[in-house]
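Dear colleague,

I am handing over the structure we spoke about, and below it you will find my notes on what it contains. Please read them with the model open beside you.

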Amino acid sequence: MSSLTKRCSLCSINKIICFWGDMPMRKWKRPILGIISALVLFGGGYAIYETIQIEGEPDLFFKLLMSFVGFIFFWGLVNSIFGCDRCVAKAFGSV
């Protein structure tokens, strides 16, 4: 058994966040999850920065929504870097 299929320190947290159960493990999920998460996290952060510069201070709903979306993609990035194959499969889903 490789080191990536063993349980990791993120498994207990992932069990709470990704409550839908085990998903099929594939080798291509880790790089795709990392790339998508990084692009949306950093690209979205830059887009929000530009929106605030143009339109001014956003309302509370926008801040909460962007914080939630940012957390989801940050967690995907953390999973793709430090997580085991089970964590990556749970975070990516059943594709």
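**What was found**

Just after helix 4, Gly93 takes a positive phi, of about 105°. A similar note belongs to helix 2, which is followed by Gly56, a residue whose phi is also positive, near 95°. Please bear in mind throughout that this is a predicted model, and that what follows describes that model.

**The chain as a whole**

The protein chain holds 4 helices and 0 strands, and when it is read along the sequence its pattern is α-α-α-α. Along its principal axes, the C-alpha trace spans about 55 × 25 × 25 Å. Of the 95 residues in the chain, 25% are buried. If one takes the contacts between residues at least 6 apart in sequence, 91% of them join residues that are at least 24 apart.

**Helix 2 and helix 3**

Helix 2 covers residues 29-55, and its 27 residues should span 39 Å at 1.5 Å a residue, which agrees with the 37 Å that separates its end C-alpha atoms. Helix 3 covers residues 60-82 and has 23 residues, reaching 32 Å from its first C-alpha to its last, which is close to the 33 Å expected at 1.5 Å a residue.

How are helix 2 and helix 3 placed relative to each other? They pack at an angle of about 150°, with their axes 8 Å apart, and since an angle over 145 degrees counts as roughly antiparallel, helix 2 and helix 3 are therefore roughly antiparallel to each other. Their crossing is left-handed. On the side of helix 2 the contact is made by Arg30, Leu33, Gly34, Ile36, Ser37, Ala38, Val40, Leu41, Phe42 and Ile48, and on the side of helix 3 by Phe62, Met66, Gly70, Phe73, Phe74, Gly76, Leu77, Asn79 and Ser80. Sorted by class, the residues of this contact are 12 nonpolar, 6 polar and 1 charged.

The buried residues of helix 2 are Lys29, Arg30, Leu33, Gly34 and Ser37, and what covers them includes helix 3 and helix 4. In helix 3 the buried residues are Trp75, Gly76, Leu77, Val78, Asn79 and Ser80, and their cover includes helix 1 (11-17), helix 2 and helix 4.

Ser67, which is found in helix 3, is partly exposed, with a relative accessible area of 48%. Ser67 and Ile54 are 13 residues apart in sequence, while their C-alpha atoms are 20 Å apart in space.

**Helix 2 and helix 4**

Helix 4 covers residues 85-92, and it packs with helix 2 at an angle of about 55°, the two axes being 10 Å apart; helix 2 and helix 4 are therefore oblique to each other. The crossing of this pair is left-handed. The residues that make the contact are Lys29, Arg30, Ile32 and Leu33 of helix 2, together with Asp85, Val88, Ala89, Ala91 and Phe92 of helix 4. By class, the residues of this contact divide into 6 nonpolar, no polar and 3 charged.

Which residues of helix 4 are buried? They are Asp85, Cys87, Val88, Ala89 and Lys90, and these buried residues pack against helix 1, helix 2 and helix 3.

**Leu10, before helix 1**

One residue outside the helices deserves a separate look. Leu10 is found in the segment before helix 1. Is Leu10 buried or exposed? Leu10 has a relative accessible area of 10%, and because buried means under 20% relative accessible area, Leu10 counts as buried. Leaving aside residues up to four places away in sequence, Leu10 touches Trp75, Val78, Asn79, Phe82, Gly83 and Cys87. Among these partners, Val78 is 68 residues from Leu10 in sequence, although the two C-alpha atoms are 9.0 Å apart in space. Trp75, Val78 and Asn79 are also among the buried residues of helix 3, and Cys87 is among the buried residues of helix 4.

With best regards

Definitions and conventions: Residues numbered from 1 in each chain as written. Predicted model: local features only at pLDDT ≥ 70, side-chain atom pairs only at ≥ 80, totals over all residues. Heavy atoms only, no water. Axes fitted to C-alpha atoms, helices over the stretch in contact; angles between N-to-C directions. Helix = DSSP H or I, 4+ residues; strand = E, 2+ residues; numbered from the N terminus. Parallel < 35°, antiparallel > 145°, perpendicular 65-115°, else oblique. Left-handed = near helix turned anticlockwise from the far one by under 90°. Contact = heavy atoms within 4.5 Å. Nonpolar A, V, L, I, M, F, W, Y, C, P; charged D, E, K, R; others polar. Expected span 1.5 Å × (residues − 1). Buried < 20%, exposed > 50% of the residue type's maximum accessible area, 1.4 Å probe, protein only.
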